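Please open the model in your viewer and keep the selection panel at hand. The stops below go from the whole chain to its domains, then to a pocket and finally to a single residue.

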Amino acid sequence: MKKILKWTGIVLVALLVIVAIAGAYFANNFENRLAKTYEVTPARVPVPTDSALLSEGERLAKIHCIACHGKDLGGTEFFNDAAIGSVPASNLTAGQGGKGREYDEVDFIRAIRHGIKKDGTPAFIMPAAEFQHLSDEDLGAIVGYLKSVPQQNRNWSGPQITFLGRALAGAGLFGDVINAENIDHAAIAAVSAPVRGATAEYGRYLVKTSGCPGCHGKELNGMQPGEPGAPFAPNLTPGGNVGKWSEDQFRAALRTGVTPDQRQLNPSFMPWPGFAYLHDDEISALYKYLQAQPALASAK
């Protein structure tokens, strides 16, 4: 009996040592990836100053930016967990502590389209893999609005990640949190969008730029997102429950956050408050694109 207990203890200690070594490796790997610098000179886009296009930039910023950076774009406590750490979303305005105070138009383009900060290091949890597909016109409108948005004085510290959080992120358990690593930066030049309208083609553009594959999977048939606490993202194809909704039901869910079966969507994981700013023809385009997909079985 003593021998069994002795060898059980040895095995447990060995396993703990292996876990500690693996954790240290992944944590160190993650730190090195965040410290890497990228030499990227982004292609310039036309940045408007007229009120009509700045108004469109405001609408697009509400669709793409407020879920993380807040309604006034002054930043938020995006994620905070005692075991994993805290990750604030930056103040994007030109107020005290804001990126707009130090970022010029090129810096914003680099951050949004390439996921790279002013100092050349990669942004953490910045969905540039989606935003790289924004057309020059849409990106320019967003940048123009960011340069003109009312100032908010809010100073956020950088991400404060615990050893456990760094180890889990380094092991890839939170998904693609450093988008800059997986973007072909040299290949990004002029980007155009299809003619806007209630078409499946324009819907494809909206799906690519709005983050649908990042949560619902590349084939849109459902996925477990890497974000801690996130629920399983449902199948959006005709093979899933969402695919059986009518267009009116689909529109109502995006506008109100309430599904046809009266479930309230959690805006922390499904950013419907931003999607509520989509025009009717854009929602129709999204619906037509999703309905045109193969009826896939829901992913497990």
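## A pocket with two domains in its lining

Begin with the second largest pocket of this predicted model, whose lining draws at least three residues from each of domain 1 (1-193) and domain 2 (200-292). Before going into the pocket itself, it helps to place it within the chain.

**Whole chain.** Show everything as a cartoon, and the secondary structure comes to 12 helices and 5 strands. The radius of gyration is 21 Å, close to the 19 Å that the globule rule gives for 300 residues, so the chain is as compact as a globular protein of that length. If you orient the view along the principal axes, the C-alpha trace spans about 80 × 45 × 35 Å. Of the 300 residues, 43% count as buried, and among contacts with a separation of 6 or more, 66% are accounted for by residues 24 or more positions apart.

**The two domains.** Next, colour residues 1-193 as domain 1 and residues 200-292 as domain 2, following the domain assignment of the chain. The contact between them takes 18 residues from domain 1 and 16 residues from domain 2, while the C-alpha centres of the two domains lie 23 Å apart.

**The pocket.** Now select Glu56, Ser135, Glu137, Asp138 and Tyr202, which of the 24 lining residues lie nearest the centre of the second largest pocket. The volume of this pocket is about 360 Å³. Which helices should be shown around it, each supplying at least two residues of the lining? They are helix H2 (51-64), helix H6 (136-148) and helix H8 (200-210), and H2 gives the largest share, with 6 residues. Colouring the lining by class gives 13 nonpolar, 5 polar and 6 charged residues.

**Gly243.** For the last stop, select Gly243, whose place is in the loop between strand S5 (233-235) and helix H10 (247-256). Is Gly243 buried or exposed? Its relative accessibility is 10%, and buried means under 20%, so Gly243 counts as buried. Leaving aside residues up to four places away in sequence, Gly243 touches Leu236, Thr237, Pro238 and Gln291, and these can be added to the selection as sticks. Finally, draw a C-alpha to C-alpha distance from Gly243 to Ala295: the two are 52 residues apart in sequence and 8.3 Å apart in space.

Technical notes
Residues are numbered from 1 along each chain as its sequence is written. This is a predicted model: local features need pLDDT of at least 70, side-chain atom pairs count only at pLDDT 80 or more; totals for chains, interfaces and linings use all residues. Side-chain values use heavy atoms; hydrogens and water are left out. On a 1 Å grid over the protein atoms alone, a cavity is a set of points where a 1.4 Å probe fits but cannot get out, and a pocket is an open set with protein on both sides within 12 Å along at least five of seven lines; lining residues have an atom within 4 Å of a point. Grid points are joined across faces, edges and corners, and a volume is the space filled by probe spheres set on the points. Helices (H or I, at least four residues) and strands (E, at least two) are DSSP runs, numbered from the N terminus. Ala, Val, Leu, Ile, Met, Phe, Trp, Tyr, Cys and Pro count as nonpolar, Asp, Glu, Lys and Arg as charged, and the others, Gly among them, as polar. Domain bounds come from an automatic or database domain assignment. The radius of gyration is taken over C-alpha atoms; the globule rule is 2.2 Å times the number of residues to the power 0.38. Buried means under 20% relative accessible area, exposed over 50%, partly exposed in between (1.4 Å probe, protein chains only). Contact means heavy atoms within 4.5 Å.
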